[in-house]
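Please look through the structure below with the aim of moving from the whole chain to its interior, and from there to individual residues and a pocket.

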Amino acid sequence: MLKHAHLYCALILITLLSTCAQANDEAVKLLKKIDELYRSESSISTIKMQIVTPNWERTLEMKGWTVGMDDTFIRILSPKKDQGVSTLKKGREMWNYFPKINKVIKVPPSMMMGSWMGSDFTNDDLVREVSLVKEYHVDKEDQEDKYLLRLVPKESTVTVWARIEILVAKETLLPVEQRYFNEKGDNVRSMYFSDIKEFSGKRLPSKMSMVPHHKKNHKTVIEYVELEFDTGIDDDIFTLRNLKKRYR
């Protein structure tokens, strides 16, 4: 009888472990989809960024190129006073170019969480320096019409976020909201996804609104106007030479 009881307990344990492993695999698979949502193998995009504060508003128009998770190049097209300002990320290195002073400035790791062009998006947000799948542990919780992905940084991950939560619509498997928490457990900022459109046969939210909860009436909205996936991109795009190339 005791032997059978031990066998029964062992079977239950194996079933539970198998279920947990399957749930974890599903969570990782869903997070990977979100990680690569706006990138794919490669992408070329035209983007509008609207920065809103209580005292002023401004809109930037940009063009961006990406290859995988490693290479990103962004150039501001307008307004004229910011025209030609560019950002290059290769691997874990990042540089900004400012044509008015004709200077390239390397962005140190300590500045990756700093504001990009006075917006509520950080340098890291814009170039997606961190792969969520590689840098975070993730689990999935079932919530009515949504999944909640709860991300906790791995020991080797360098980040200011103690936890990230992503709400994903079950019907579309697309993100609805992304929340960022500090070490005190405070929800410091949230990013809201909206306006689902189709780009190169891929449906995704065309707008992302970043709202900092500690700054009243501040927000930054990124809108993808054009987005083309898996197209050939010249390697010369992701070079310091191209970074310093003046926009015409």
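The paragraphs that follow take up the overall make-up, the nonpolar cores, two residues in strands, and one pocket.

This is a predicted model, and its protein chain contains four helices and 13 strands. Of the 248 residues in the chain, 43% count as buried, while the accessible surface comes to about 14200 Å², with 53% of that area belonging to carbon and sulfur atoms. Among the contacts in the chain with a separation of 6 or more, 46% are accounted for by residues 24 or more positions apart.

Turning to the interior, the largest nonpolar core has 44 residues, and those with the most contacts inside it are Met49, Trp116, Leu149, Leu151 and Ile166. A second, separate core consists of ten residues, including Phe73, Ile237, Phe238 and Leu243. For Met49, once its neighbours within four places in sequence are left aside, the contacts include Arg58, Thr59, Leu60 and Met62, then Trp116, Ser119, Phe121 and Leu126, and also Thr220, Val221 and Ile222.

Buried or exposed: which describes Gln178? This residue, placed in strand S10, which spans residues 175–181, counts as buried because its relative accessible area of 7% is under the 20% cut-off. The side chain of Gln178 makes a polar contact with the side chain of Tyr180, at 2.9 Å. Leaving aside neighbours within four places in sequence, Gln178 is also in contact with Leu132, with Ile164, Glu165 and Ile166, and with Arg189, Ser190, Met191 and Phe193.

Lys197 lies in strand S11, made up of residues 187–199, and counts as partly exposed because its relative accessibility is 37%, a value between the cut-offs of 20% and 50%. Not counting residues up to four places away in sequence, Lys197 touches Lys202, Arg203, Leu204 and Ser206, as well as Glu223. Between Lys197 and Val225 there are 9.9 Å in space, C-alpha to C-alpha, although the two are 28 residues apart in sequence.

Finally, there is the second largest pocket, which has a volume of about 250 Å³. Of the 15 residues that line this pocket, Met113, Asp120, Thr122, Arg189 and His214 are the closest to its centre. The elements giving two or more residues to the lining are S11 and strand S12, the latter covering 202–212. Arg189, one of the residues closest to the pocket centre, is also among the contacts of Gln178.

Note on methods. Residues numbered from 1 in each chain as written. Predicted model: local features only at pLDDT ≥ 70, side-chain atom pairs only at ≥ 80, totals over all residues. Heavy atoms only, no water. Buried < 20%, exposed > 50% of the residue type's maximum accessible area, 1.4 Å probe, protein only. Contact = heavy atoms within 4.5 Å. Core = buried A, V, L, I, M, F, W, Y, C linked by side-chain atoms within 4.5 Å. Areas by Shrake-Rupley, 256 points an atom, 1.4 Å probe, with all protein chains shown as cover. Polar contact = N/O pair within 3.5 Å; in protein donor to acceptor, adjacent residues only side chain to side chain. 1 Å grid on protein atoms, 1.4 Å probe; cavity = no way out; pocket = protein on both sides within 12 Å on 5 of 7 lines; lining within 4 Å. Points joined across faces, edges and corners; volume = space filled by probe spheres on them.
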